[in-house]
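Please open the structure in your viewer and keep the sequence beside it. The tour below suggests what to select at each stop and says what is there.

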Amino acid sequence: MANVPASPPNADSGSSDSGTDRIRNAICRSVMTTLGQPKDFLKITLRAVSGNSYRVNVVTGEHLASARIAHSFFVTVDEKGNLTSSQPTISKAY
């Protein structure tokens, strides 16, 4: 990934567990590395769905008032946060 996301992933829980944070960061980094970074990137959000399944949204816009979800994926990961599957498939867009 050329650039680090502008903001960390939004956490569902109040957990500050460093292992959980590492996995969440690995997921976001993997998605952005594969997708590429949009020119008007604002943030990436990550929500746990169940077990090792997450919803990842890539939010774009000139500022928060004009923000929109440009890409949305349901991903599953292994215990280290490596992507094992994605719906829809993540492909290079930028």
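What percentage of the 94 residues of the protein chain count as buried? The share is 32%, where buried means under 20% relative accessible area, exposed means over 50%, and partly exposed lies in between, with a 1.4 Å probe and protein chains only. This is a predicted model, in which local features need pLDDT of at least 70 and side-chain atom pairs count only at pLDDT 80 or more, while totals for chains, interfaces and linings use all residues. Residues are numbered from 1 along each chain as its sequence is written, and side-chain values use heavy atoms, with hydrogens and water left out.

Begin with the whole chain, colored by secondary structure. The protein chain has one helix and four strands, and from the N terminus on its elements follow the order α-β-β-β-β; helices (H or I, at least four residues) and strands (E, at least two) are DSSP runs, numbered from the N terminus.

Next, select residues 18-35, which form helix α1, and pick out Ala26 within that helix. Ala26 counts as buried because its relative accessibility is 15%. Leaving aside residues up to four places away in sequence, Ala26 touches Lys80 and Gly81, a contact being heavy atoms within 4.5 Å. Although Ala26 and Lys80 are 54 residues apart in sequence, their C-alpha atoms are 7.9 Å apart in space.

Stay in helix α1 and move to Gly19, which also has its place there. Gly19 counts as partly exposed because its relative accessibility is 21%. From the C-alpha of Gly19 to that of Gly81, 62 residues apart along the chain, the separation is 10.0 Å.

Now turn to the strands, and select residues 53-60 (strand β2) together with residues 68-77 (strand β3), which run antiparallel and are joined by eight bridges; two strands pair if DSSP finds at least two bridges between them. Within this pair, look for Tyr54, which stands opposite Val75 in β3.

Then add residues 83-87, strand β4, which runs antiparallel to β3 and is joined to β3 by four bridges. Where should you look for the residue opposite Phe74? Select Gln87 in β4, since that is the residue Phe74 faces across the pairing.

Finish at the hairpin of β3 and β4, where five residues lie between the strands and Gly81 takes a positive phi near 95°. Gly81 is also one of the residues that Ala26 touches, which brings the tour back to the helix.
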